[in-house]
Amino acid sequence: MARSGAGSGEGAGWRVSAVKYRRRAGRPTYDGTRPAGEPLARRDGLCVLGGAGEVRCADPSGRTLWTTACTGIPNAAHISGGRVLVTTDSFDYTPWGHLGPALLLDLADGALVSELRGASGAVLRGGRFFLGLEGYDVFDTWEHDRDGALVDSWRSYGHYVAGSGIRVVETDRSLPTRSSVVRLLPGGTVERGPSLTDPLCPEPVVLADGTILVLDAGVLRAVDRRLGDTVLAELLPVPPDRTWRYRGRLHRTGDRLTVTVAEEPEDRPGKHVVHTWTLALRPGPTIV
């Protein structure tokens with residue numbers, strides 16, 4: 001069910017070996033829901049938490065420092081440069097689903113600095129905030145400064161990976177897809193790396209050396225900081241025109257990587273077969 005692939009680049013500095021494989025009928029056990037009470041973000045002992053209609057900041061003892069009202073349900077937060085960017089889900093349906101406003105708040109007191117638009121975000125040092133949105137001919141990422149002013153923009157959207165710069169595992173939700181792993185450069189320039197097969201890859205795993213592990217249509221790929229691409233394992237054959245029938249997830253615990261793919265067979269609509277691989281992740285050439 002799994003075999004190694006060949007490739008080049010720094011991603012080849014990692015290998016995976018199969019520890020266990022399971023197949024069962026039923027829906028996947030994960031749903032992406034954040035456990036109640038889990039902070040949206042942490043920094044220097046402070047926790048940013050969200051609840052229906054509010055954003056809250058607490059100190060290490062759990063004491064609430066400030067509470068700010070919002071019109072939606074906070075789903076993620078990003079802290080940088082004394083600011084916190086909070087993306088929210090709307091109570092009402094919008095052309096982009098349940099997209100709520102993105103709030104840029106002062107970390108000191110929760111005061112609203114700017115109300116922005118975006119479904120997901122990322123930060124770099126110095127209060128540089130990135131917001132992105134996809135749908136209805138929008139496939140864009142915008143950079144804002146700590147005061148909310150627009151600094152730059154790119155025609156790209158997906159899972160953001162922050163480090164020395166911003167890389168994106170694009171998710172255009174189109175067949176055939178034009179998604180790639182890319183790097184965002186100043187002036188709106190998009191440096192394109194390896195093309196992807198799945199238009200909706202799950203959230204990647206980022207290793208300590210900056211390598212991105214991407215689950216792309218049943219194939220586990222490693223993409224290095226230079227956008228060099230290596231196939232670590234071909235886990236499940238997924239037809240390129242049927243990727244929408246497969247949904248995956250990556251989860252890392254120590255040197256173990258769990259890969260889950262939920263498959264909806266064409267002859268049994270609404271039913272699922274869940275494939276789960278436990279892989280050992282180590283530096284070195286691939287052995288699967």
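Visitor: When do two strands count as paired here?
Guide: Strands are DSSP runs of E with at least two residues, while helices are H or I runs of at least four, numbered from the N terminus. Two strands pair if DSSP finds a minimum number of bridges between them, and that number is at least two.

Visitor: What is the bridge partner of Glu 54 in β5?
Guide: This is a predicted model, with local features needing pLDDT of at least 70, side-chain atom pairs 80 or more, and totals using all residues. Residues are numbered from 1 along each chain, and side-chain values use heavy atoms, leaving out hydrogens and water. Strands β4 (residues 54-58) and β5 (residues 64-69) run antiparallel, joined by five bridges. Across from Glu 54, the partner in β5 is Ala 69.

Visitor: Which residue takes a positive phi in the hairpin of β4 and β5?
Guide: Five residues lie between the two strands of this hairpin. With phi near 95 degrees, the residue is Gly 62.

Visitor: How many strands does the chain have?
Guide: Don't go looking for helices, as there are zero. The strand count is 25.

Visitor: What is the radius of gyration of the chain?
Guide: The globule rule (2.2 Å times the number of residues to the power 0.38, with the radius taken over C-alpha atoms) gives 19 Å for 288 residues. The chain's value is close to that, so it is as compact as a globular protein of that length: 20 Å.

Visitor: How much of the chain is buried?
Guide: Buried means under 20% relative accessible area, with a 1.4 Å probe and protein chains only. Of the 288 residues, the buried share is 50%.
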